[in-house]
Protein chains: 2
Amino acid sequence: MSAYELYCFKESGNAYKAALMLELTGTAWTPVWVDFFNGATRTPEYREDLNEMGEVPVLVGNGVQLTQTGLILDYLAKETGRFGGRDEAQERDVLRWILFDNHKLTAYTATYRFMTNFMKGADKPVTDFLGQRMHGAFKVLNAHLEGQDFAAGDELTIADISMCGYLFYPDEFGVSWETSYPAIGAWLDRIKAQKGWQHPYDILPAS
Amino acid sequence: MSAYELYCFKESGNAYKAALMLELTGTAWTPVWVDFFNGATRTPEYREDLNEMGEVPVLVGNGVQLTQTGLILDYLAKETGRFGGRDEAQERDVLRWILFDNHKLTAYTATYRFMTNFMKGADKPVTDFLGQRMHGAFKVLNAHLEGQDFAAGDELTIADISMCGYLFYPDEFGVSWETSYPAIGAWLDRIKAQKGWQHPYDILPAS
């Protein structure tokens, strides 16, 4: 398999999901830093050449150019034969939690974190709303993880890699896993124990 | 194939996506109305028996019980051999747009519509924020559809069925497709022309 380039930046939890999958599968990759905070993902050139959706990450290599993190994870699972689920029932469960992540967990967590940490002058009613929705998603996930070790069963899959993407900096959204969502905290510890795991701020380029 | 039951209610665009797929593939199904507006999806019993995520739709039948609309669409595409994409490249494109729908299009459109139509006393800064994000997603989709007839190529796939779910009542979020997003309007007309298409308010039960 040829090496991949991943368009990414340090603060992006979505880019982290893809980078973590590349690390955990031992796949060769090179980061290409994107100047998100100066608008690089929203230029006409970026939309034309890299991603019409105006987002990171973008994975390039092996004859493909892919956007949408959930798709990148699914693609790498198929290419490497790792973390995609062992049968059709588990594959369905994997997709179910990846969709939940996109719709409810990352959607609110990433936006709440962005507005409270990286943006000046966010409206308090808006961050209150996002925070409330974020905690709603945490509650669902915590209850789910009280019953099993990983999202789709008893071993790590791309559903876990997707959902953990924004959860390794709980201080940035004012949450203590231990106090409020202990099953999430224990699950994150199980992910940290995987061979090849690194924290997002150690795996992604800052410039 | 045995008949399916779909847990749903009239106002849910997500339930509509599943119902439309069932109709377009000629699959036998029965609606089971869920009293969402009186909290039926958020009871402990509903979470225990039907969907721990506290949402509709839920598809039951043929030996499975499935939640998350994107998964239900993917499952039905595999079962019927329809609308899933003709090769791996198109399948990737289908998943890409289903994820975009979950993360950006339905996420903001459904929440904006819910708060401005069905909820009393929503904060204006919150609905302004959601409306702005919703229009961001419309812009991406409209630009994409200027170049091709359907989301993932020149024929209908479950990516279209997913993304159109909340777009057949533009008056409920104050948009005119013709004026503001003509490529979306033309694409919705192409979906309406499919054999078996019905409007969400005609396909889903009100009680």
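1. Let's start with β1(B), which is mostly covered: of its 5 residues, 4 are buried. Keep in mind that this is a predicted model. In case you want to check the burial call, a residue counts as buried when 20 or more other C-beta atoms lie within 10 Å of its own.

2. What does β1(B) pair with? One partner is β2(B), in the parallel sense, over 5 bridges. If you want a spot to look at, Tyr4(B) has Trp29(B) as its bridge partner in β2(B). The other pairing to look at is with β3(B): the two strands run antiparallel and 3 bridges join them. Here Tyr7(B) stands opposite Val58(B).

3. Val58(B) turns up again one strand over, since its bridge partner in β4(B) is Thr67(B). That belongs to the antiparallel pairing of β3 (residues 58-61) of chain B with β4(B), which covers 4 bridges.

4. Put those pairings together and you get an open sheet of 4 strands in chain B, with mixed pairing and the order β2-β1-β3-β4. Which strands stand at the edges? They are β2 (29-33) and β4 of chain B; each has a single partner strand, so one side of each is left without a neighbour in the sheet. From one strand to the next, the twist averages 20 degrees.

5. Now for the helix over the sheet. Helix α1 (residues 13-24) of chain B lies across β1 (4-8), β2 and β3 of chain B, and runs at about 155 degrees to β1(B). As for handedness, β1(B), α1(B) and β2(B) make a β-α-β unit that is right-handed.

6. On to the dimer contact. How many residues does each chain put in? Chain B gives 24 residues and chain A gives 24 residues. On the chain B side, the elements that give two or more residues are β4 (64-67), α3 (69-80), α4 (88-118) and α5 (124-145). The largest share, 8 residues, comes from α4(B). By type, the chain B side divides into 13 nonpolar, 6 polar and 5 charged residues. Note that β4(B) shows up twice in this story: as an edge strand of the sheet and among the elements on the side that touches chain A.

7. Finally, symmetry. A turn of 180 degrees with a shift of 0.0 Å along the axis lays chain B on chain A with an RMSD of 0.0 Å. That is the relation of a two-fold axis. The same surface serves both copies, too, as 100% of the contact residues of chain B recur in chain A.

Key:
Residues are numbered from 1 along each chain as its sequence is written. Chains are lettered from A and ligands numbered from 1 in the order in which they are written. This is a predicted model: local features need pLDDT of at least 70, side-chain atom pairs count only at pLDDT 80 or more; totals for chains, interfaces and linings use all residues. Two residues are in contact if their C-beta atoms, placed from the backbone, lie within 7 Å. Ala, Val, Leu, Ile, Met, Phe, Trp, Tyr, Cys and Pro count as nonpolar, Asp, Glu, Lys and Arg as charged, and the others, Gly among them, as polar. Two strands pair if DSSP finds at least two bridges between them. Axes are lines fitted to C-alpha atoms, for helices over the stretch in contact, and angles run from 0 to 180 degrees between N-to-C directions. Copies are superposed by least squares on the C-alpha atoms of residues with pLDDT of at least 70 in both. A residue is buried if 20 or more other C-beta atoms lie within 10 Å of its own, exposed if 12 or fewer, and partly exposed in between; C-beta atoms are placed from the backbone. A crossover is right-handed if, with the strands pointing away from the viewer, the path from the first strand over the helix to the second runs clockwise.
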